[in-house]
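Student: Hi! Could you walk me through a structure I haven't seen before?

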Amino acid sequence: MPDTPAIAVHDLCKLYGDKAAVDSLDLTVPRGCFFGFLGPNGAGKSTTIRMLTGLVPPSSGSIELLGMRLPDRELEIKRRVGLVPDESLLFDRLTGAEFLEFVGRMYGLARAVAVERAQSLLDLFELSEKRKFIAEYSKGMRKRLAMAASLIHHPDLFLMDEPFEGVDAVGARLMKEILLDQVRRGATIFLTSHVLEVVERLCDRVAIIDKGRIVREGSMAELRGGTESLEDVFVRVVGAAREFHELEWLK
Amino acid sequence: MIRAILRAQWRSMHIFRLSSGRRGAVFSVIIAVLWYGFWTALAAVAEQLTAAPQLRAQIKSWLPAGLLGVCAYWQLAPLASATMGASLDLRKLLVYPVPRRSLFLVEILLRITTCAESLLLLAGAAIGLLRNPAFGGWRAFARVPLAVILFAAFNLMLAAGLRNLIERLLSRKGIREAIALLLMLVGVLPRLLMVTSFGGALWARRLESVFPTAANPFWPWGAAAHCMLGLSAGVPPMAAVAVLAVWAAAAYLFGRWQFMRGLRFDFQEAQATVASAKARPFAERLYRLPALFLPDPLCAIVEKELRSLVRTPRFRLVFVMGFSFGLVVWLPMMLRGRVTHSAVSGNFLTVVSVYALFLLAQVTYSNAFGFDGSAAQLYFLAPLAISRALAAKNIAAAIFIFLEVAAIASACSLLRLGISPGQIAETFVVTAIAALYLLGVGNLSSVNYPRPMNAQRVSGGGGGGRAQGVLFLLYPFALLPVFLAYLARYALDNQVVFWGALVCAAALGVAIYWMAMESAVAAARNRRESILAELSRGEGPMVTE
């Protein structure tokens, strides 16, 4: 496995007007790591992932993925990254098989290889209802298809924004097993999720971001300190100051 | 509650306007000024005519027919132009405890978005009548506005009912394209009848009978005219008001009935039958034809575009319109020109093909990422240059453009319009050259004014009005080199000069396409974030079409 980290981010900033969505972010994710990136709503998680994928240009700072600098070697990086975004990247008027074949070919696979992999992924994710348009898929099916699409070109790094959102327990279990299998073969996974139990069970390392800044980072054991659950740590770090005020009219 | 709904829509539109920047706002204002300026001028003419005491007899004859025309325009124009204006998105509002009568009231108020020009005309005519002493002058101050208000209310409620009815019809598989096409043909068929020899005579007789028929006080337009003209029209104004009130009440009942049916209608169920791809081996082979001459990923995108567009109801409708609506629009000029040998009759096939090229703009090249919506981010995530994605989309658009030309040529042959193989070849060449310019402009508008498009809705896009407006302004310039080639042939009567000019136009077209592509790629790089934000944008509680 190469020495360079899978993700190396230095002093990354993203400003919208005078508001910093991401503020001086420094982050290193080693290769082969299952990394959890947590934070409350609006903390800057999705913006960070969108900067890592090149969809959003940073205001300042540097990004290196798999030892290559973004955006200098953008195309090479893209070939080796798989993404499950928070928004749909599915084309509604294609079937699942057509979509996966299309994505495979976009990533440089020959048609025959893309077709073969698409079929095996559809079987794996139990999406084999061949002639159904994606427009008819449920939210969970769409997420499963998006994950299948992120796998088709066998990437070394996965960037996943809430991949389990809307997925039923059986589907989520399957997806977790697949992701763990990918980590075992040496791939790196960078995952955001609000389901802390999932993060606790899957991730080796975790960073917590709040108001655009990393407020805690470390291995799962370091963060939990032996006794606390990840949820306790998370609430203490990002929500300790918040008090519950009862509303008179809601009593 | 009504204010809250309207405010929510206003806020969502305002946010969109802010995100589209100052340039977009300026274009919107220019287009609005041109459009409403034209109708204001027309209203001023109506005011001058109805204010002239010496035209008393003509006004009595013309006003009912004029009001009939306003009514026809009010009801048919939104259908013919495929823009049905703003409407409530009931799926978003039904979860709230909003009384249905309040929703219906908002729906009726929203019909004003499709009829501001009709209201301008009515206001112009009403002011003219109030200034005309032959019809009572300002003494008719109560009568004339009352007639205008009742007539406007009748039209508003009728339009609300028709819109709901048509929306439900258009959501049904199979009949939606047929209904939409029929509605549009209804709008242009009278022109066809007017210029055919048989239809011409028939039309003249019909036209002669329109004036007395329209003046019948039992029709809403006749009653409105009688009320506006007062006793001079021969019918007591109060009787005319009563007739008009009955019509308005009937329109209210119809509108409310259709609105309530719309509330109970399950659009998802109606559309569910569409959303299944049948196994079609022949079509599959056609989709894969580009693989014979294109490498991946270019070929993959072209194939994806072919599949997606063919399965998109809105695209199918526009494609069918291209050769049917186009033929019917231009056929009258062709038939008239057979006698006078006009430019249209000599180059009929080319004219219809170039017209179809313009029609296809909104669903193919002027907003290339529109049907993709938020999924367009895949083009930015995948390891390919965005120029490849644009080029692939252009190739797919070109395939459909050539299919459209072939369909038009086939239709012309079936109609025995005397189109020679040489003319067909010339049309293909000219359309290809014109397409070079328009695809270049389309690439620029696709990255500078992207907006999501609903594949299910068959009518056009209000949000796309600005980009359509830009294209409309640029269209004459884009066609200028081809036009100059025809001008050279007409002036010099020399085929060599004509083809030479076409070669020059093609060379210039390639250069312009290339420069536009470079510019579009730079814009896509710089505006990547806002392009994706705009394509992922949701709508407020109302949808605009």
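Tutor: Happy to; we can start with chain B and then turn to its contact with chain A. Keep in mind that this is a predicted model.

Student: How many helices and strands are in chain B?

Tutor: Chain B has 22 helices and two strands.

Student: And what share of chain B is buried?

Tutor: Of its 545 residues, 44% are buried. As for contacts in chain B between residues at least 6 apart in sequence, 80% of them join residues at least 24 apart.

Student: OK, new topic. How many residues does each chain bring to the contact?

Tutor: Chain B gives 28 residues and chain A gives 29. On the chain B side, the elements giving two or more residues are α13 (298-310), α17 (377-381) and α22 (528-535). By class, that side of chain B has 14 nonpolar, six polar and eight charged residues.

Student: Let's zoom in on α13(B). How do the axes of α13(B) and helix α3 of chain A cross?

Tutor: Helix α3 of chain A covers residues 96-106, and its axis comes within 9 Å of that of α13(B), crossing at roughly 155°. That angle is over 145 degrees, so α3(A) and α13(B) are roughly antiparallel to each other.

Student: Is the crossing left-handed or right-handed?

Tutor: α3(A) and α13(B) make a left-handed crossing.

Student: Which residues meet there?

Tutor: From α3(A) come A:Glu98, A:Phe102, A:Arg105 and A:Met106, and they meet B:Ala300, B:Lys304 and B:Arg307 of α13(B). By class, this helix contact has three nonpolar, four charged and no polar residues.

Conventions
Residues are numbered from 1 along each chain as its sequence is written. Chains are lettered from A and ligands numbered from 1 in the order in which they are written. This is a predicted model: local features need pLDDT of at least 70, side-chain atom pairs count only at pLDDT 80 or more; totals for chains, interfaces and linings use all residues. Helices (H or I, at least four residues) and strands (E, at least two) are DSSP runs, numbered from the N terminus. A residue is buried if 20 or more other C-beta atoms lie within 10 Å of its own, exposed if 12 or fewer, and partly exposed in between; C-beta atoms are placed from the backbone. Two residues are in contact if their C-beta atoms, placed from the backbone, lie within 7 Å. Ala, Val, Leu, Ile, Met, Phe, Trp, Tyr, Cys and Pro count as nonpolar, Asp, Glu, Lys and Arg as charged, and the others, Gly among them, as polar. Axes are lines fitted to C-alpha atoms, for helices over the stretch in contact, and angles run from 0 to 180 degrees between N-to-C directions. Angles under 35 degrees count as roughly parallel, over 145 as roughly antiparallel, 65 to 115 as roughly perpendicular and the rest as oblique. A crossing is left-handed if the near helix is turned anticlockwise from the far one by less than a right angle, and right-handed if clockwise.
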